[in-house]
Amino acid sequence: MSEGAPKKDEKPRKFQAIRGTRDLLPPETALWNRVERTAHEVFGTFGFGEIRPPIFEPTELFARAVGGETDIVSKEMYTFSNPTSLAAMVPEGRTEGTLAEMLPEAEMISLRPEATASVCRAYIEHNMQQLPQPVKLYYMGPMFRRERPQKGRYRQFYQIGAEVLGGSDAPAIDAEVIEMVMTFFDRLELQGVQLDINSIGHSADNCRRGYVEKLKAALENVKDKLGPDSQRRIETNPLRVLDSKLESEQGSIATLPHIADHLCEACATHYSAVKHQLEMRGVIYRENWRLVRGLDYYMRTTFEITAQGLGSQNAVCGGGRYDGLVELLGGPPTKGIGFAIGEDRLILSLQESGKAPAQQGRDVYIAWMGERAHATAIRAAKDLRKAGFSVELPPVEQKFGKALGQADKLGAKYALILGDNEVSEGLWTLKTLADGSQEKYTEADLLDRLRKGKALSS
Ligand code: HAM
């Protein structure tokens, strides 16, 4: 008996997906596929190629890139010892204790909470600085964060993201990356799209440091009016206080200094050029001085996009510039900018605004009766599928009445009726289920008729 098999007296257990994870099912998955196809198409037109990094990486990679003090790294990662090193590393004879106790020097790995760190790691690992610059990459797939689940917030969620690495930090690159997301959303007819932008200055220069000092001083003045989280952040990460959604803190936050007034000349020039470049591309934006983002690697441009129908978790995309991250991870000095779209939220918003297909219907349901008809039905199904039609072929014979009821339930457009008469006459009956009309066709004409029907309905 294998280890996981139930013992004789054990009751069968009904399992459920783990909290914060879920099954994506048809017909919703058809919408996921459409969204992903559109991303491949649109990103391809901007010259981006797809990268598929692994789902897990050394914990240290995320700690360095995203920042050890961030919520993502300090509280939300799924981290464990790398099991491949298990046998080699457990001291002989040692059988008790937690993995961490038994394997003090085992490499810790984490399920990826985001993919920018992985893309930078891959850029360095594959010497992509030797390719023509900049290197433009996009990805899609699951990410993992142990957050409190709610509508639009999951522990396994999906991102579609893109990164531009290398080359210059020309403001036109920032603007084109933003233009690409907006084009993608536009193509999907996403409703209520709002783009917010900001510049958070340069970490190495005086401008960010100078601003953070002024912000700290201003925060100390209103400390009593802030909640415990924000009070703690005055010391650990004062910029994050600006992110607070707490109603009681909004009045105090409104009095704080704006970073735009404290940018150094180079950052200010960059920021105004990004805005100009966005205008040249017809991208409508709103400046939001409180947009600081929750990951440490950002500098200069930050942006976030919200969409309608999402409640409190309405950020459908976040991104920004991160010059210096590749260097921080051991690579050459490299410019970088990118974004990630929350695909779950994007889908939710599309569904809320009625952009989701209701049912994944079949084109043709083949109702057959009799041995000879079965053979013909199998051949017809093969030919129709080859021509790109979605076909349901019942595995066992059923009365025509029952078969037509089944075709209706599956949302089929047509029923192809094949009985002994049809087979011997060589004339097949096609019933249009919407209006109940039916006509007879030769095998050759049938395909033409269905093709015309498809062209009309698409
Ligand atoms: P982020 O803001 O942490 O940025 O995530 C980007 C988007 O992922 C969010 O705007 C949201 O739509 C979605 N998202 C985040 N957490 C969850 C969750 N628990 N459930 C559902 N959706 C979620 C990043 O991840 C950066 N790597 C983006 C980036 C790429 N910056 C530069 N390049």
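Is E189 buried, partly exposed or exposed, as judged by relative accessibility? In this predicted model, E189 has a relative accessibility of 45% and therefore counts as partly exposed, since the intermediate class lies between the limits of 20% and 50%. The residue is located in the loop that connects α7 (171-187) with β7 (194-199), and its phi angle is positive, at about 60°, although E189 is not a glycine. A positive phi in a residue other than glycine is also found at N127, where the angle is near 50°. N127 belongs to the loop between α6 and β5, and with a relative accessible area of 38% this residue is partly exposed.

The loop between α6 and β5 (135-144) also contains P134, which is joined to Q133 by a cis peptide bond with an omega of about -5°. Another cis peptide bond links P26 to P27, with omega at about 5°, and P27 is placed in the segment that comes before α1 (28-45).

Within helix α6, which spans residues 116-125, the position of A117 was examined. A117 counts as buried because its relative accessibility is 0%, a value under the 20% limit that defines this class. When neighbours within four places in sequence are set aside, the contacts of A117 are with L61, F62, A65 and L329. For A65, which is 52 residues away from A117 along the chain, the separation between the two C-alpha atoms is 5.8 Å.

Helix α8 comprises 17 residues (206-222), and the distance from its first C-alpha to its last is 24 Å, close to the 24 Å expected at 1.5 Å a residue. Its buried residues are C207, R208, Y211, V212, L215, L219 and V222. Viewed down the helix axis, these buried residues fall within an arc of 120°, so they line one face of α8. Such an arrangement can be read against the general geometry of an α-helix, in which there are 3.6 residues a turn, so that residues three or four places apart point the same way. On the face of α8 that is turned away from the buried side, the exposed residues are N206, E213 and N221. The buried residues of α8, in turn, pack against the helices α9 (228-236), α10 (250-254) and α11 (265-280), and against the strand β9 (299-306).

The surroundings of the ligand comprise 27 residues, of which E114, E147, E163, Y298 and A315 come nearest. Side-chain N or O atoms of several residues lie at short range from ligand nitrogen, all within the 3.5 Å limit for a polar contact. For Y298, the distance between a nitrogen atom of the ligand and a side-chain N or O atom is 2.6 Å, whereas the corresponding distance is 2.9 Å for Y297 and 2.9 Å for T116. On its own the ligand has 660 Å² of accessible area, and the protein covers 96% of this area. The elements contributing two or more residues to the shell around the ligand are the strands β6 (156-165), β10 (315-321) and β11 (336-342). Among the contributing elements, β10 gives the most to this shell, with 6 residues.

Definitions and conventions. Residues are numbered from 1 along each chain as its sequence is written. This is a predicted model: local features need pLDDT of at least 70, side-chain atom pairs count only at pLDDT 80 or more; totals for chains, interfaces and linings use all residues. Side-chain values use heavy atoms; hydrogens and water are left out. Helices (H or I, at least four residues) and strands (E, at least two) are DSSP runs, numbered from the N terminus. Buried means under 20% relative accessible area, exposed over 50%, partly exposed in between (1.4 Å probe, protein chains only). Contact means heavy atoms within 4.5 Å. The expected span of a helix is 1.5 Å times one less than its number of residues. The arc is that of the directions from the helix axis to the C-beta atoms. A residue is near a molecule or strand if one of its heavy atoms lies within 4 Å of it. A polar contact is a pair of N or O atoms within 3.5 Å; within protein, one must be able to donate a hydrogen and the other to accept it, and residues adjacent in sequence count only if both atoms are side-chain atoms. Accessible areas come from the Shrake-Rupley method with a 1.4 Å probe; for residues, only the protein chains shown count as cover.
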